[in-house]
Amino acid sequence: MSKTRIQAIRGMNDVLPEESPAWHFLEAQFHAVVKRFGYREIRFPVLEQTQLFKRSIGEVTDIVEKEMYSFDDRNGDNLSLRPEGTAGCVRAADQHGLLYNQQQRLWYQGPMFRHERPQKGRYRQFHQFGVEAFGMPGPDIDAELIQISATLWQALGLAESVSLELNNIGSAGDRNAYGQALTAFLEAHASELDDDARRRMHSNPMRVLDSKNEAVQSVLADAPALADFVSQESCEHFEALLQLLQSLGIEYSINPKLVRGLDYYNNCVFEWTTDQLGAQSAVCGGGRYDGLVAQLGGRPTVAAGFAMGVERLVLMLETLERVPESYRRPVDVYVLTASEGLSSQALRLAEAIRAQCPGRGIVCHCGGGKYSSQVKRAFAAGASLAVVLEAAGDNAPLSVKIRQLAGSDDVWTGELSTIPAEVARLLGA
Ligand code: AMP
């Protein structure tokens, strides 16, 4: 049998213990913010029928055409690992009767899968936090969603490092009319386009706008503009949203090129970007998707939502050193023994200290070894205090010392029963 080490799949990362404090800080802030806005969590599977994503994200999108992990299972059903959360959230909420004639404020988190080219900030398994609101047609809910993200940036200390872009992409009808005009324009210039653009000009002409080919982009310079096809109603919705954002003191800029890579959006779309991450600048994107529930077979229900990329936010928190020290220190106290045969006393003392110091990390040394190597482990664990148990001779009470490891090397000596309270006092617990 081959003994070569098996490696992780390219683009699918392990999160190592030293990275987890940033994840925990981000998760804690996200959970606190969505709770403050009255959102409830929904969980749904990472595997769904492939059809769900084709019908929601769109057949002619990069995600569905090139990036999904799809396979036939043992029953011959074609399944895909979810490339994003909105489709599964809508499927689950509709299947369980949460949507029709109701208002729902939901959030989710978890891994998503896209077969993209891995690079910094872009992975094949990545994580998203998402928020979805159903049954509210007005721009007020759009403003609330943006307000939630802005509140999170504040809580994370990232508010100065992100900026908000918005665009109005019109209703489904507006986009249809625009699509037809764009197709007619592209047909007239077919000979100047590449194969990709020629293929897409009939199936999904708006995707041609994303072409990376300079020749195609120069043809597009004279193409009809989406803004000219957006209805009065959509414009009023968008204007009202802008006013709400102004009243909330949330700064934004309008980016007419912002269309987003998923077909289900309508009216306002938005994206938060940063200049801290190089090429992968988008940290959060969303918008309205009023037609999606009906498109997936549910009764018509308006909706809006956003998703943010956890890895990219973690990178920002690390780069900008925003993770509080309290998240970085998993061990506060290390209990060790200077004499043999004291395991049971040490385990019980550690437990008594845990009871006195809730929320603190108390490690009881296991595995024996010399006193000096135990002390080394206490330092390596990052503990600020070492509690040392030592037998004082036959029938004499145990001697217990508390040694300060960080800052000074002060020592306190006490009786077993007084130690937990003394440790709590020293930790300020
Ligand atoms: P989307 O679902 O494409 O609207 O993406 C929402 C957010 O997820 C983006 O703003 C990114 O922060 C993040 N994201 C999307 N794709 C990836 C990826 N391949 N790797 C890491 N983060 C991603």
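In this predicted model, the buried residues of helix α6 are D174, R175, Y178, G179, L182, T183, F185 and L186. These residues lie on the same side of α6, because they cover an arc of only 165° around the axis. The general geometry of such helices accounts for the spacing: an α-helix has 3.6 residues a turn, so residues three or four places apart point the same way. The face of α6 turned away from the buried side carries the exposed residues N176, Q180 and A188. Helix α6 comprises residues 172-188, 17 residues in total, and reaches 24 Å from its first C-alpha to its last, which is close to the 24 Å expected at 1.5 Å a residue. The packing partners of its buried residues are α7 (195-203), α8 (205-208), α9 (214-220) and α10 (232-247).

One of the buried residues of α6, L186, leads into the nonpolar interior. The largest nonpolar core has 49 residues, and within this core I42, F134 and L186 touch the most other members. Helix α4 (residues 86-95) supplies the largest share of this core, five residues. Apart from this core lies another, of 48 residues, with W107, I141, W272 and L317 among them. Returning to F134, and not counting residues up to four places away in sequence, its contacts include C89, V90, L99 and L106, together with Y289, V293, V302 and A303. The glutamines Q102, Q103 and Q104 also touch F134, as does T301.

The contact between F134 and A303 directs attention to strand β11, which spans residues 303-309 and is mostly covered, with seven of its seven residues buried. A303, G305, A307 and G309 point one way from β11, whereas A304, F306 and M308 point the other way, and all are buried. Strand β11 pairs with β6 (residues 125-134) in the antiparallel sense over seven bridges; one bridge partnership in this pairing joins E132 to G305 of β11. Strand β10 (residues 282-288) also runs antiparallel to β11, and five bridges join the two. In β11, M308 is the bridge partner of C284.

C284 also enters the question of cysteine pairing. Why does the structure hold zero disulfides, as far as C268 and C284 are concerned? The sulfur of C284 has its closest cysteine sulfur in C268, 12 Å away, and is therefore too far for a bond. From the other side, the closest cysteine sulfur to that of C268 is the one in C284, so the 12 Å separation again rules out a bond. The cut-off for a disulfide is a pair of cysteine sulfur atoms within 2.5 Å. Both residues are covered: C268 is buried with a relative accessible area of 1%, and C284 counts as buried at 2% relative accessibility.

A further buried position occurs later in the chain. L336 lies in strand β12 (residues 333-337) and is buried, with a relative accessible area of 0%. Which residues surround L336, leaving aside its neighbours within four places in sequence? L336 is in contact with H365, Y371, Q374, V375 and A378, and also with A386, V387, V388 and L389. The C-alpha atoms of L336 and G368 are separated by 9.0 Å, although these residues are 32 residues apart along the chain.

How values were computed. Residues numbered from 1 in each chain as written. Predicted model: local features only at pLDDT ≥ 70, side-chain atom pairs only at ≥ 80, totals over all residues. Heavy atoms only, no water. Buried < 20%, exposed > 50% of the residue type's maximum accessible area, 1.4 Å probe, protein only. Helix = DSSP H or I, 4+ residues; strand = E, 2+ residues; numbered from the N terminus. Pairing = 2+ DSSP bridges. Expected span 1.5 Å × (residues − 1). Arc of directions from axis to C-beta. Contact = heavy atoms within 4.5 Å. Core = buried A, V, L, I, M, F, W, Y, C linked by side-chain atoms within 4.5 Å.
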